[in-house]
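Trainee: Please take a close look at a single part of this structure and tell me how it is built into what surrounds it. I would like one connected account.

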Amino acid sequence: MFDAFLAQRAEQRGETFVPFDVHSDYDEYVDGKPRMDGVRSFLASRGIELPAGGPDEAPGEETMYGLGDRKNELVLRMIRERGVEAYPGSVRYVRAARDAGLHRAVVSSSANCHDVLVAAGIDDLFETRIDGLVAEARHLNGKPAPDTFLAGAQALGVDPAKAAVYEDALAGVAAGRAGNFGFVVGVDRVGQAAALRQHGADVVVSDLADLLEGS
């Protein structure tokens, strides 16, 4: 979505097209954040200002909402056409937590969280879901603010100081630390272990199954 927008903008202005970097740009400006926040953050990094627009924008319009809706349109199409594959080791860890009697909440900035969980066949592993739809309805600030994680702990009746946050996004790790959770686990899938620690992770693993193997 960003590349199509940036390429068209560069052509219109006679500028050099600099593509969206799926690692550095995504990790720093988009990953873990609510859709509009991610769009706004990345465009700001390129010095681009666009009108906010509104929910009735056509996907792809040159507004924050238009670009965000285009991104969502592409995500939903990928879910329908390709499905969702869960990380087996992480699923094994969540099942172990369930079998041990621990409470479990899924906290996501995505409005598509439910669809993703169902497509991956793991919707039954969590007692409550705080996602983009819930955050919007309850006016919760998105990550890196701790609001959604705190809402998850509250829904489970758990003191944040006695709960753990598991995150692969820099913004999510920062949110867990800001919420004063008892332990923050960073999951490094793209080679950003040092950055996860800098943002507040107490420990960094490559997969949640590593925690089982280390016990």
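The reply below stays with one helix and its surroundings, then turns to the rest of the chain.

Trainee: Which residues of helix α8 are buried, and which elements do they pack against?

Mentor: The model is a predicted one, and what follows is computed from its atoms. Helix α8 covers residues 147–156, and its buried residues are Thr148, Phe149, Ala151, Gly152, Ala153 and Leu156. These buried residues pack against three strands and two helices: β1 (105–107), β2 (128–130), β3, α7 (132–138) and α9 (170–178).

Start with Phe149. Its relative accessible area is 8%, which is under the 20% cut-off, so Phe149 counts as buried. Phe181 has a relative accessible area of 5% and is therefore buried by the same cut-off. The two rings have their centres 6.1 Å apart and their planes at 70°. Planes over 60 degrees apart count as edge-to-face, so that is the class of the Phe149 and Phe181 pair. The pair joins distant parts of the chain, since Phe149 belongs to helix α8 whereas Phe181 is in the loop between α9 and β4, 32 residues apart. The count of aromatic pairs in the model is six. Elsewhere, ring pairs link Phe2, Phe20, Tyr29 and Phe42 into a cluster.

Next, the ends of the helix. On the side before α8 lies the loop between α7 and α8, where Pro144 is found. The peptide bond from Lys143 to Pro144 is cis, with omega near 15°. His139 lies in that loop too, and has a positive phi of about 55° although it is not a glycine. Most residues other than glycine have a negative phi, and most peptide bonds are trans. His139 has a relative accessible area of 70%, over the 50% cut-off, so His139 is exposed. On the other side, α8 is followed by Gly157, with a positive phi near 70°.

The loop between α8 and β3 contains Ala161. At 49% relative accessibility, Ala161 falls between the cut-offs of 20% and 50% and so counts as partly exposed. Leaving aside neighbours within four places in sequence, Ala161 is in contact with Asn180, Phe181 and Gly182. One of these, Phe181, is the ring partner of Phe149. For another, Asn180, the C-alpha atom is 6.2 Å from that of Ala161, although the two residues are 19 apart along the chain. Asn180 lies in the loop between α9 and β4. Its phi is near 55°, a positive value in a residue other than glycine. At 57% relative accessibility Asn180 is over the 50% cut-off, so Asn180 counts as exposed, whereas Phe181 is buried.

From these loops the chain runs into a sheet. The sheet is open, has three strands in the order β3-β4-β5, and its pairing is parallel. The edge strands are β3 (164–167) and β5 (203–205), each of which pairs on one side only. From one strand to the next the twist averages 20°. Strand β4, residues 183–187, pairs with β5 in the parallel sense over three bridges, and Val187 stands opposite Val205 in β5. Strand β3 is also one of the elements that the buried residues of α8 pack against.

Last, the nonpolar cores. In soluble globular proteins, nonpolar side chains tend to be buried together. The largest core here has 13 residues, of which Phe2, Phe5, Phe42 and Leu43 touch the most other members. Helices α1 (2–13), α3 (35–45) and α4 (64–82) each supply at least two residues of this core, and the largest share, four residues, comes from α3. A second, separate core of nine residues includes Ala151, Ala163, Val165 and Phe181. Of these, Ala151 is among the buried residues of α8, and Phe181 is the residue whose ring pairs with Phe149. In the largest core, Leu43 is in contact with Phe2, Phe5, Ile48, Leu50, Met64 and Leu67, leaving aside its neighbours within four places in sequence.

Notes: Residues are numbered from 1 along each chain as its sequence is written. This is a predicted model: local features need pLDDT of at least 70, side-chain atom pairs count only at pLDDT 80 or more; totals for chains, interfaces and linings use all residues. Side-chain values use heavy atoms; hydrogens and water are left out. A nonpolar core is a set of buried Ala, Val, Leu, Ile, Met, Phe, Trp, Tyr and Cys residues joined through side-chain atoms within 4.5 Å. Buried means under 20% relative accessible area, exposed over 50%, partly exposed in between (1.4 Å probe, protein chains only). Contact means heavy atoms within 4.5 Å. Two strands pair if DSSP finds at least two bridges between them. Axes are lines fitted to C-alpha atoms, for helices over the stretch in contact, and angles run from 0 to 180 degrees between N-to-C directions. Rings of Phe, Tyr and Trp (its six-membered ring) pair if their centres lie within 6.5 Å; planes under 30 degrees apart count as stacked, over 60 as edge-to-face and the rest as tilted.
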